[in-house]
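Got the viewer open? Good. Let's take a walk through this one, one selection at a time.

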Amino acid sequence: MTLSSDNLIGGERVPGAGTPWRAVEAASGAALEPAFASATAEQAERACRHAEEAFDAYRETALTARAEFLEAIARNILDLGDDLVTRCMAETGLPRPRIEGERGRTIGQLRMFAEVVRRGTFLGARIDPALPERKPLPRPDLRLRQVAVGPVVVFGASNFPLAFSVAGGDTASALAAGCPVIVKAHPAHPGTSALVGGAIQRAVAECGLPAGVFALLFDDGIAIGQQLAADPRVAAIGFTGSRRGGTALMHTAAERAVPIPVYAEMSSINPVVLFPAALANRGAEIGRAFVASLTLGSGQFCTNPGLVLAVEGPGLDAFLAAAAEALPGVAAATMLTPGIHKAYCAGVAALEANPAVTRVAQGQTGSAHQGQPALFATSAAAFLGDHRLAEEVFGAASLVVRCADAAELRAVLDSLEGQLTAALHMDEADHGQARALLPLLERRVGRILVNGFGTGVEVGHAMVHGGPYPATSDGRTTSVGSLAIDRFLRPVCYQDLPDALLPAALAEANPLGVPRSVDGGPAGA
Ligand SMILES: NC(=O)c1ccc[n+]([C@@H]2O[C@H](COP(=O)([O-])OP(=O)(O)OC[C@H]3O[C@@H](n4cnc5c(N)ncnc54)[C@H](O)[C@@H]3O)[C@@H](O)[C@H]2O)c1
Ligand SMILES: O=CCCC(=O)C(=O)O
């Protein structure tokens, strides 16, 4: 399969301009063909214009047609076959089973949103029928539905080249909501992005949709991303990446004449709390499971367990001993980009250099592009006195905080910024302590889980992959699971509109058969 390096705009392939750049094979650092050229400002402008032109037609497509479009994207991605898998492996250094698994998740996600669209529940249809006889005043007829917000810009993530990238959760949920999508490809995997972008562009044509429904733009810098974020036609942004990049986009979006929401998923250290009974009963077992989660994908998961909290004692010692025994057996693994590798090495070096921190164990050393896993420990007092210890080290490094007692452990949790997840390891005898921490955890994190680790997010209807700042820019929502669609919708109320003028979802006869809540009752068709 020939790999095109063109931008995809308005149903066409459009070569970029300027100095050519190439993807890098993550394992070797060698340049990969073909050369890419960044989109021009005019091309980004054109993508926004096409998206705006496509918006009104796309957002009113029949629900079945929109669902079939999402399914066509999934099918076209599968049809890319091994070309997609091998290119993605080369660009990211991630192994085949991981890429194949992520492709399955991406396709599953698209199909889940197709089902969400077909059901129509996302329209949130509500009806308060008119009460003309009501005293002292009659009630008007009120009907509400959710409408798509407008064109959405999605920034592909480096660490999930499929499930959080061109056809990932942000794109799937925005398209499901009825929003055209412009993707700014991550420069670490442009070939993967081009292949998946082509699959979406083909689906747009196959389904007879307006060509502006999808665009893909390349840029190895930040100019195109900034331009898109500032463009008045763009209504929302989805982003997964660094805190620096996410907050820069938040500032741009907030400074516009008309500010727009940015749904940025940024940084999280995902505290793991080890309770005393669980530690006493199975400290070593938890230690081994922890190492497996810590080192998954070279630790390049936003859900990576970067902080472990426990009260001092033999149980914690057993946990540490088991982790210290397991970690040296773990091979160093290729990291996504030289920049991410460098940042990881700098983070580990800062922990090594901190006099209040001791190294518990290390994994095996590797090549120039591989990250060596590392586990460190410190005291709660040191952690509370040095905010740098709470910063994310993106990769397979974690810090164990030894606490004197439950009060100190609570103080450490209380000091943390917003997080995606908190993992609690507990037995029944720990329930009292865990219950006491739950209100605090609810204020800090998006997902609380028991006797597991946050890595490996289930894509479903009750999932929250979000959390208070800086885990995300807006802790009221999620970027994984069907609730993600709500980010790209807003409610409109229709008061006393003649039936003939109402959108089909709200017309008296309910021709779409969508679930509707009447007078605040449970939604039914
Ligand atoms: N929490 C997470 O899930 C997660 C995921 C990936 C990376 N990271 C962190 O980010 C670091 C860098 O990795 P990365 O390259 O994936 O993230 P990044 O934030 O540098 O880049 C992500 C995307 O945003 C764009 N971008 C970055 N800064 C921008 C700006 N100021 N304006 C407009 N666009 C901008 C980039 O071009 C890229 O397309 C990692 O070392 C890690 O610390 C975190
Ligand atoms: O890196 C961010 C997403 C993590 C995730 O989806 C997972 O752990 O499965």
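Which side chain has a polar atom 3.0 Å from an oxygen atom of ligand 1? Select His-186: a polar atom of that side chain lies at this distance from a ligand 1 oxygen. Before you zoom in further, keep in mind that this is a predicted model.

**Stop 1: around ligand 1**

Keep ligand 1 on screen and add Ser-242. A polar atom in the Ser-242 side chain sits 2.6 Å from an oxygen atom of the ligand. Now add Lys-184, where a side-chain N or O atom is 2.9 Å from an oxygen atom of ligand 1. The protein covers 85% of the 810 Å² of accessible area that ligand 1 has on its own.

Next, widen the selection to the whole shell. There are 21 residues around ligand 1, and the closest are Ser-158, Gln-226, Ser-242, Met-266 and Cys-302. Colour the shell by class and you should get ten nonpolar, nine polar and two charged residues.

Which element gives the most to this shell? Select helix 8, residues 243-255: helix 8 supplies three residues, the most of any element. Strand 8 is also worth picking out, as it provides at least two residues of the shell.

Now zoom out and colour by domain. Domain 1 takes in 7-20, 41-113, 150-266 and 476-487, while domain 2 is 271-450. Why is ligand 1 said to lie between them? Because both domains give residues to the shell around ligand 1.

**Stop 2: around ligand 2**

Centre the view on ligand 2. Select Arg-105, Asn-159, Phe-160, Phe-164, Glu-265 and Phe-301, then add Cys-302, Thr-303, Thr-455, Gly-456, Val-457 and His-465, and you have the residues around ligand 2.

Show the backbone here, and go through the contacts one by one:

- Val-457: a backbone N or O atom is 2.7 Å from an oxygen atom of ligand 2.
- Cys-302: a polar backbone atom is 2.8 Å from an oxygen atom of the ligand.
- Gly-456: a polar backbone atom is 2.8 Å from a ligand 2 oxygen.

How much of ligand 2 does the protein cover? The figure is 99% of the 280 Å² of accessible area that the ligand has on its own.

**Stop 3: the cavities**

Hide the ligands and look for empty space. Rolling a probe the size of a water molecule over the atoms shows where such space is left. A search of the whole structure turns up two cavities of 30 Å³ or more.

Take the second largest cavity, as you already have some of its residues on screen. This cavity holds about 50 Å³ of space. Its lining is made of Arg-105, Phe-160, Phe-164, Phe-301, Cys-302, Thr-303, Gly-456, Val-457 and His-465. By class, that lining divides into five nonpolar, three polar and one charged residue. Domain 1 and domain 2 both give residues to the lining, so the second largest cavity lies between them.

Now move to the largest cavity, with a volume of about 80 Å³. Select Tyr-263, Thr-472, Thr-478, Ser-479 and Arg-487, which lie nearest its centre among the 14 lining residues. Strand 8 (236-240) and strand 9 (262-265) are the elements that give two or more residues to this lining. Strand 9 gives the most, with three residues. The class breakdown for the largest cavity is three nonpolar, seven polar and four charged residues.

**Stop 4: backbone oddities**

Switch to a backbone view for the last stretch. Most residues other than glycine have a negative phi, and most peptide bonds are trans. Here are some exceptions to click on.

Where is Pro-136 found? Go to the loop between strand 3 (125-128) and strand 4 (142-148). A cis peptide bond joins Lys-135 and Pro-136 there, with omega about 5 degrees.

Then jump to the loop between strand 18 (445-450) and strand 19 (489-495), where Pro-470 is found. Tyr-469 and Pro-470 are joined by a cis peptide bond, with omega about 5 degrees. Stay in that loop between strand 18 and strand 19 and select Asn-451. Asn-451 has a positive phi of about 55 degrees although it is not a glycine.

Technical notes
Residues are numbered from 1 along each chain as its sequence is written. Chains are lettered from A and ligands numbered from 1 in the order in which they are written. This is a predicted model: local features need pLDDT of at least 70, side-chain atom pairs count only at pLDDT 80 or more; totals for chains, interfaces and linings use all residues. Side-chain values use heavy atoms; hydrogens and water are left out. On a 1 Å grid over the protein atoms alone, a cavity is a set of points where a 1.4 Å probe fits but cannot get out, and a pocket is an open set with protein on both sides within 12 Å along at least five of seven lines; lining residues have an atom within 4 Å of a point. Grid points are joined across faces, edges and corners, and a volume is the space filled by probe spheres set on the points. Helices (H or I, at least four residues) and strands (E, at least two) are DSSP runs, numbered from the N terminus. Ala, Val, Leu, Ile, Met, Phe, Trp, Tyr, Cys and Pro count as nonpolar, Asp, Glu, Lys and Arg as charged, and the others, Gly among them, as polar. Domain bounds come from an automatic or database domain assignment. A residue is near a molecule or strand if one of its heavy atoms lies within 4 Å of it. A polar contact is a pair of N or O atoms within 3.5 Å; within protein, one must be able to donate a hydrogen and the other to accept it, and residues adjacent in sequence count only if both atoms are side-chain atoms. Accessible areas come from the Shrake-Rupley method with a 1.4 Å probe; for residues, only the protein chains shown count as cover.
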